[in-house]
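Me: Hi! Could you walk me through this one with me? I'd like to start with the ligand and then look at the backbone.

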Amino acid sequence: MADVSFKTDIRPLFNQTDIDHMEPFGVALDNYEYMSNLVNADAVYDVLHDKTMPPHAPWPDDKITLFRAWIDGGCKP
Ligand code: HEM
């Protein structure tokens, strides 16, 4: 997969509800500094991949695969 960018490809995957609900838990889905920390990125990937998040509205596999490709590509901005 070609270069995957947080700003262009990943940030738009999260809607305002996702961002607002996760902010109180310290999960900053719209924050590149937070998300590009590999520990945080992997934790987010895990809940997407096991389909526990977003609750009752799991992502289709193509979005999850894109998120994984972003991590594997080095979490580019
Ligand atoms: C480290 C990753 C994450 C953790 C530990 C986490 C944890 C939680 C917890 C504890 C809740 C509240 C309880 C619940 O409703 O089940 C919650 C709610 C929620 N999370 Fe996450 N979450 C993570 C990532 C995400 C991601 C990646 C998304 C979206 C793509 C997301 C979307 C939501 C939404 C929309 C709610 C509110 C659900 C509702 O009130 O109906 N979360 N999350």
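Reply: Happy to; what follows is a short chat about this model, which is a predicted one.

Me: Great. How many residues surround the ligand, and which are the closest?

Reply: There are 15 around the ligand, and the closest are Asp18, His21, Ala43, Met53 and Pro54.

Me: Which helices each supply at least two residues of that shell?

Reply: Those are α2 (16-22) and α4 (38-49).

Me: And what is the shell like by class?

Reply: By class, the shell has twelve nonpolar, two polar and one charged residues.

Me: Back to α4: what does it reach from its first C-alpha to its last?

Reply: α4 has twelve residues and reaches 16 Å, close to the 16 Å expected at 1.5 Å a residue.

Me: What happens just after α4?

Reply: Lys51 takes a positive phi of about 65° there. Lys51 lies in the loop between α4 and α5, and it is partly exposed because 14 other C-beta atoms lie within 10 Å.

Me: Where is Pro54, and what is the peptide bond from Met53 to Pro54?

Reply: Pro54 is in the loop between α4 and α5 (61-72). The bond from Met53 is cis, with omega near -10°. For context, most peptide bonds are trans.

Me: New topic: what is the phi of Cys75?

Reply: Cys75 has a phi near 50°, a positive value in a residue other than glycine. Cys75 sits in the segment after α5 and counts as partly exposed, with 18 C-beta neighbours inside 10 Å.

Definitions and conventions. Residues numbered from 1 in each chain as written. Predicted model: local features only at pLDDT ≥ 70, side-chain atom pairs only at ≥ 80, totals over all residues. Near = placed C-beta within 6 Å. Helix = DSSP H or I, 4+ residues; strand = E, 2+ residues; numbered from the N terminus. Nonpolar A, V, L, I, M, F, W, Y, C, P; charged D, E, K, R; others polar. Expected span 1.5 Å × (residues − 1). Buried ≥ 20, exposed ≤ 12 C-beta atoms within 10 Å, placed from the backbone.
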